[in-house]
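User: Please take a close look at a single part of this model. What can be said about its place, exposure and contacts?

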Amino acid sequence: STIPQTAAAVKAAAGGMPIAACIVGAETGVTLADKLSLELGVRSNGIFPLGDRRNKSVQQRAVKATGLRAVREALGTTWTEVKDFVATESMPVVVKPVE
C-alpha cells in the first residue's frame, strides 16, 4: 500500500470521527508515522530533510551541521569499508546497524 492508500484506510476505519494524532507504537514505525501524519494532516514531526531520522549516521551529520561536536564515525556495509577507521580508534568501538 502507498501512504495515501494507508491514510484512506485509516480515515475509513475512523468512520467519520476526527483523527487527532498518529502515534507510533515502536521504533520501526517512526518513518511510516512521519509520512502518515503528514498525509492525514495531523501534528507531525514531518520528513527530516537530511534523510531517515532513525539512521544514526544521518543524526550525526545533522548534529555536525549545526556546529556541535558529534561522534567520529564510519559508515559501511562491509568490514572492508570500515576497517581502516576502526584501526585508528581506541577500543571499544560501538557498532550500530543502519536498518
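Analyst: Helices are DSSP runs of H or I with at least four residues, strands are runs of E with at least two, and both are numbered from the N terminus. In that scheme, I3 belongs to helix α1, which covers residues 3-14. The model is predicted, so local features need pLDDT of at least 70 and side-chain atom pairs count only at pLDDT 80 or more, while totals for chains, interfaces and linings use all residues. Residues are numbered from 1 along each chain as its sequence is written, and side-chain values use heavy atoms, with hydrogens and water left out.

Take the helix now. α1 has 12 residues. From its first C-alpha to its last, α1 reaches 16 Å. That is close to the expected 16 Å (1.5 Å times one less than the number of residues). G15 comes just after α1 and has a positive phi of about 60°.

Back to I3. The relative accessible area of I3 is 22%. I3 therefore counts as partly exposed, a class between buried, under 20%, and exposed, over 50%, with a 1.4 Å probe and protein chains only.

Next, the partners. Outside its neighbours within four places in sequence, I3 is in contact (heavy atoms within 4.5 Å) with L32, K35, L36 and E39. Consider K35. In sequence, 32 residues separate I3 and K35. In space, their C-alpha atoms are 7.0 Å apart. I3, in α1, thus touches residues from L32 to E39, K35 and L36 among them.
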